[in-house]
Amino acid sequence: MTIDDLDARLIALLAAEPRLGVLECSRRLGVARGTAQARLDRLVARGVITGFGPDVSPEALGYGVTAFVTLEIRQVAGHDPVSDGLARIPEVLEAHTITGGSDLLCRVVARSNADLQRVIDQIVDVRGVLRTSSLIALDTPVPYRVLPLVADVPRRAPR
């Protein structure tokens, strides 16, 4: 499953202005309202578009420190119990199972370096976590993004 140029333009438009209605999207894209609605519905149903919520800045909420924490876990019960425990810590923004010397990689935020210690202590307290290692992000020169990928998909689609 891939997207075409119209899908890519619709996604880019909604990413730039998420509060636009379908009618305005159709007008700006030069297509019928029904076409824009059908495309949007299909993109949602296929899981290409996964949400319409606002992007929130942890820094603007007072969480100025971002860190990446790797976890080694006791794998007797698998990743799920640890993932469930991590999900209960608000400062854990995401967690990924990974390959290599560690088992999980988490992106976490904290209010300060001292507060990061509190967050790491909470992570270590999760049943099944054996040890952690952390890296503090100093800057984010390339923030999370998908629009360049979206724009590139129609060009690389098999013909």
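Let's start at helix 1, whose buried residues are covered by, among others, helix 2, helix 3 and helix 6 (147–156). Keep in mind as you look around that this is a predicted model. The buried set in helix 1 is made up of L6, D7, A8, L10, I11, L13 and L14. As for its length, helix 1 has 12 residues and runs 16 Å from its first C-alpha to its last, close to the 16 Å expected at 1.5 Å a residue.

Next along is helix 2, at residues 22–29, where V22, C25, S26 and L29 are buried. These residues cover an arc of only 100 degrees around the axis, so they sit on the same side of helix 2. Turn to the face pointing away from that buried side and you'll find the exposed residues L23 and R27. The cover over the buried residues of helix 2 includes helix 1 (5–16) and helix 3 (33–45). So helix 1 and helix 2 show up in each other's surroundings: helix 2 is part of what covers helix 1, and helix 1 is part of what covers helix 2. Just past the end of helix 2, have a look at G30, which takes a positive phi of about 70 degrees.

This stretch also carries a record annotation. UniProt, in an unreviewed entry, places the feature "domain: HTH asnC-type" at residues 3–64. In the model, that span is 53% helix and 0% strand, and its end C-alpha atoms lie 36 Å apart.

Within the same span, D55 is worth a stop. D55 belongs to the loop between helix 3 and strand 1. With 79% relative accessibility, D55 counts as exposed. Its C-alpha is 10.0 Å from that of P18, and the two residues are 37 apart in sequence.

Now step back to the whole chain. The protein chain has six helices and four strands, and their order along the sequence reads α-α-α-β-α-β-β-α-β-α. The radius of gyration is 20 Å, well over the 15 Å that the globule rule gives for 159 residues, so the chain is more spread out than a compact globule. Measured out along its principal axes, the C-alpha trace spans about 55 × 35 × 25 Å.

A few chain-wide totals fill in the picture. Buried residues account for 30% of the 159 residues. The accessible surface comes to about 10600 Å², with 54% of that belonging to carbon and sulfur atoms. Taking contacts between residues at least 6 apart in sequence, 65% join residues at least 24 apart.

On to helix 5, at residues 113–124. Its 12 residues should span 16 Å at 1.5 Å a residue, and the end C-alpha atoms are 17 Å apart, which agrees. Buried here are D115, L116, V119, I120 and I123. Looking down the axis of helix 5, those residues fall within an arc of 145 degrees, so they line one face of the helix. What does that buried set pack against? The partners are strand 1 (65–73), helix 4 (80–87), strand 2 (92–97), strand 3 (104–110) and strand 4 (129–137).

Two serines make good landmarks around strand 1 (65–73). One of them is S133, which is found in strand 4. S133 is partly exposed, at a relative accessible area of 44%. Leaving out residues up to four places away in sequence, S133 touches F68, V69 and T70. The C-alpha atoms of S133 and L71 are 6.7 Å apart, although 62 residues separate the pair in sequence.

The other is S102, in the loop between strand 2 and strand 3. Is S102 buried or exposed? With a relative accessible area of 14%, S102 is buried. Setting aside neighbours within four places in sequence, S102 is in contact with T70, L71 and E72. From S102 to V69 the C-alpha separation is 9.9 Å, for residues 33 apart along the chain. T70 is touched by S133 and is also in contact with S102.

Key: Residues are numbered from 1 along each chain as its sequence is written. This is a predicted model: local features need pLDDT of at least 70, side-chain atom pairs count only at pLDDT 80 or more; totals for chains, interfaces and linings use all residues. Side-chain values use heavy atoms; hydrogens and water are left out. UniProt positions are given in the numbering used here, feature names are shortened, and annotations may be inferred rather than shown by experiment. The expected span of a helix is 1.5 Å times one less than its number of residues. Buried means under 20% relative accessible area, exposed over 50%, partly exposed in between (1.4 Å probe, protein chains only). The arc is that of the directions from the helix axis to the C-beta atoms. Contact means heavy atoms within 4.5 Å. The radius of gyration is taken over C-alpha atoms; the globule rule is 2.2 Å times the number of residues to the power 0.38. Accessible areas come from the Shrake-Rupley method with a 1.4 Å probe; for residues, only the protein chains shown count as cover.
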